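This report describes the fold and packing of the protein shown below. It begins inside the protein and then turns to the helices and loops.

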Amino acid sequence: MPRARLYAGERLRDLRRAAGLNQRAMAARLGLSVSYLSQLESGERPLTAAVTAALARHFPAALAGIEGEVPARRLAALTAALADPAVAPLDAEGVARLAVEQPDLADRLVALHAAKRAAEERAALAEEAMTSSAGHAGSGARLPWEAVRDWFHDAGNYVDALDRAGEALADGGETFEQRLTDFRVTLALDPADAAPLARFDGRVLTLAAAAPPETRRFLIAHRLAAIAFAEPIAEIVAAAPLVHDEARRLLSIGLANYAAGALVMPYAAFRAEAKVVRHDIDRLSRRFGVSFEQACHRLSTLQRPGAEGVPFYFCRVDMAGNITKRHSATRLQFARFGGACPLWHVHEAAAIPDRILVQHAETPDGVRYVSMAKGLVKPSGRFARAPRRYAVVLGCEAVHAADFVYADAVGVSHGQAGAPTPIGISCRLCPRSDCDQRAFPPTDRTIRVDPATRGVVPYAVI
């Protein structure tokens, strides 16, 4: 059946204004002329399949308010499925027309793509089984910290009730110290070299005097959040499908940390400032009095429905290549265990602290990303104890390069980027057959060994 004409000028204009874009910027993002966008907004022209496809690509959460919930979900899912390089390419207008004119076929294609992703996840679980410690061999259980990490990942790294509560408390006008006093909690400093970062006895919060100011401020916010939001935190923990008591306690701490981030970097103010400075981490750190890592982590949580920020991935990698924090609001997913792709610039950043590296990369599914990585050092406060060294990385899909200041360094935001670096998730999950940096063959592919021929690795992936 032919596509019904849909005039949505007012809703399109409201979407543009909510995104903080003028007509020229909005037209550039959607691939339209300014005059054509103006005609759409004034109701002179209906939305075409091509325009709908562009909206699905750049504003998927808002499309439901324009087209309706079910058609919008179908188009977004179909667009994602047909973006897979394993599927024959189809132009955006063709995808939108397929979703409208053959919805049953579209739903079947989405289901097939979901089955493919499920098979890829089973490969990831195979990697987990190979790399898990002997402590859970045969049990299929996750360690408490793994269960909590996965809980936040499944929640999209956004907890609405705590985020809004933290933002409301931050708007109260009092300092965090004054708020703690309202709960009859006093502060103290411990000058001892080996003092823990924080210690709380129910009445006094004692902080390590050697901790940096932004760390002490965050620790105060954490304790304030744990007290002020004890009830909603307890409700969330009670509803979480966690097996171990240690996991529940870790989740309580993690939720208090999340709420502390909302206190120190309130959602609306932080998101607005991030847009103004094009997500410049150093400027955000100074503006909100937080560390570089805290600002990166907060950017990865800006997924409030109707007020989403740029979808970022964020992770922290130690000197051995272990991923100790991870979250992705993008299509890029991290290996559950072990290290990341050796071609990823985060490894170089870990070895060179206080220097920002930028990379334009492409994953095996054909999606291109721009990422920023910086090596950080946390001093121990004494010579006898080695400082902590690691790197953090923050990245987004290349379509958002104009909103990411670091993309300027590799020309992506100006359309002048060179060939992207081909990266994978981890060697065991990467299908690339021509990578000189491969450490292991992929778990779901066979290999061929030819004793007469020797390459960088002693086998060929087939």
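In this predicted model, Leu-394 touches a set of residues beyond its neighbours within four places in sequence: Ile-281, Cys-296, Leu-299, Phe-312, Tyr-313, Phe-314, Val-370, Ser-371, Met-372 and Phe-404. Leu-394 is also one of the residues with the most contacts inside the largest nonpolar core, a group that further includes Leu-162, Leu-251, Leu-255, Ile-281 and Leu-299. That core has 64 residues. Helix α14, residues 245–264, is its greatest contributor and supplies 9 residues. A second core, separate from this one, has 20 residues, among them Tyr-313, Val-317, Cys-341 and Ala-391. Tyr-313 of this second core is also listed among the contacts of Leu-394. In soluble globular proteins, nonpolar side chains tend to be buried together.

**Overall composition**

The protein contains 18 helices and 11 strands. Of its 462 residues, 43% are buried. Among contacts with a separation of 6 or more, 58% join residues that are 24 or more positions apart. The exposed area is about 23,000 Å², of which carbon and sulfur atoms supply 54%.

**Helix α9**

Helix α9 spans residues 144–154 and is mostly covered, with 8 of its 11 residues buried. The buried positions are Pro-144, Glu-146, Ala-147, Val-148, Arg-149, Asp-150, Trp-151 and Phe-152. These buried residues of α9 pack against α13 (230–239), α14 and β5 (323–328). Helix α14 therefore appears in two roles, as a packing partner of α9 and as the element that gives the most to the largest nonpolar core. Just after α9, Gly-156 adopts a positive phi of about 75°.

**Helices α1 and α3**

Two packed helices are described by the angle between their axes and the distance between the axes. For α1 (residues 9–18) and α3 (residues 34–41), the axes come within 7 Å and cross at roughly 120°. The two helices α1 and α3 are therefore oblique to each other. On the α1 side, the contact is made by Gly-9, Glu-10, Leu-12, Arg-13 and Arg-16, and on the α3 side by Leu-37, Leu-40 and Glu-41. By class, the residues of this contact comprise 3 nonpolar, 1 polar and 4 charged.

Asp-14 also lies in helix α1. With a relative accessibility of 40%, Asp-14 counts as partly exposed. The C-alpha atoms of Asp-14 and Glu-41 are separated by 9.2 Å, and the two residues are 27 residues apart along the chain.

**The loop between α15 and α16**

Which residues in this loop have a positive phi although they are not glycine? Arg-278 has a phi near 55°, and His-279 has a phi near 60°. Most residues other than glycine have a negative phi. Arg-278 lies in the loop between α15 (267–276) and α16 (281–288), and His-279 is placed in the loop between α15 and α16 as well. Arg-278 counts as partly exposed because its relative accessibility is 25%, whereas His-279 is buried, with a relative accessible area of 4%.

The relative accessibility values of the individual residues discussed above are collected here.

| Residue | Relative accessibility | Class |
|---|---|---|
| Asp-14 | 40% | partly exposed |
| Arg-278 | 25% | partly exposed |
| His-279 | 4% | buried |

Conventions: Residues are numbered from 1 along each chain as its sequence is written. This is a predicted model: local features need pLDDT of at least 70, side-chain atom pairs count only at pLDDT 80 or more; totals for chains, interfaces and linings use all residues. Side-chain values use heavy atoms; hydrogens and water are left out. Helices (H or I, at least four residues) and strands (E, at least two) are DSSP runs, numbered from the N terminus. Buried means under 20% relative accessible area, exposed over 50%, partly exposed in between (1.4 Å probe, protein chains only). Contact means heavy atoms within 4.5 Å. Accessible areas come from the Shrake-Rupley method with a 1.4 Å probe; for residues, only the protein chains shown count as cover. Axes are lines fitted to C-alpha atoms, for helices over the stretch in contact, and angles run from 0 to 180 degrees between N-to-C directions. Angles under 35 degrees count as roughly parallel, over 145 as roughly antiparallel, 65 to 115 as roughly perpendicular and the rest as oblique. Ala, Val, Leu, Ile, Met, Phe, Trp, Tyr, Cys and Pro count as nonpolar, Asp, Glu, Lys and Arg as charged, and the others, Gly among them, as polar. A nonpolar core is a set of buried Ala, Val, Leu, Ile, Met, Phe, Trp, Tyr and Cys residues joined through side-chain atoms within 4.5 Å.
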